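I have a fresh page and a structure to explore. Let me look things up one at a time and jot down what I find.

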Amino acid sequence: MSFFHKKTPVKDYDKEQWKPWLRVSICTGEKTAGFKNRTTGEFREVMRIGNDKDLEDFAKEYGIEEDIEQGY
């Protein structure tokens with residue numbers, strides 16, 4: 001039994017309710033990819049983005065073809 005387990009993200013998301021989002025830290029510039037609720041503004045993080053390859057992998061994994069918006 002393991003105390004630490006990796007969250008397994010849902011590979012499909014409701015495109016009507018959630019939009020791909022890139023959250024960027026003002027202080028450090030760290031980027032986190034995830035999905036933002038279109039009505040409530042809730043952000044659900046999926047993965048940390050360290051380089052362009054990580055962002056490409058995120059987009060490919062979820063079938064995102066449009067530009068990903070970002071915010072702070």
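Here are my notes on the sheet and the helix that lies across it.

**Entry 1, the whole sheet.** I began by noting that this is a predicted model. Next I looked up the strand order: the sheet is open, has four strands and reads β3-β2-β1-β4, with mixed pairing. I then asked myself why one side of β3 and of β4 is left without a neighbour. β3 (43–49) and β4 (69–71) stand at the edges with a single partner strand each, so one side of each has no neighbour in the sheet. I also looked up the twist, which averages 35 degrees from one strand to the next.

**Entry 2, β1 and β2.** I reminded myself that strands pair through backbone hydrogen bonds, either parallel or antiparallel. Which way do β1 and β2 run? They run antiparallel, and seven bridges join them. I found V24 opposite K31 in β2. The two strands, β1 and β2, form a hairpin with six residues between them. In its turn I spotted G29, with a positive phi of about 80 degrees.

**Entry 3, β1 and β4.** On to the pairing of β1 (residues 18–24) with β4: these run parallel, joined by three bridges. I located L22 opposite Q70 in β4, and I noted G71 in β4 as the bridge partner of R23.

**Entry 4, cover.** Is β1 mostly covered or mostly open? I noted that it is mostly covered, with six of its seven residues buried. Finally I traced helix α1 (residues 52–62), which lies across β1, β2 (31–37) and β3. Helix α1 runs at about 135 degrees to β3.

Notes
Residues numbered from 1 in each chain as written. Predicted model: local features only at pLDDT ≥ 70, side-chain atom pairs only at ≥ 80, totals over all residues. Heavy atoms only, no water. Pairing = 2+ DSSP bridges. Axes fitted to C-alpha atoms, helices over the stretch in contact; angles between N-to-C directions. Contact = heavy atoms within 4.5 Å. Buried < 20%, exposed > 50% of the residue type's maximum accessible area, 1.4 Å probe, protein only.
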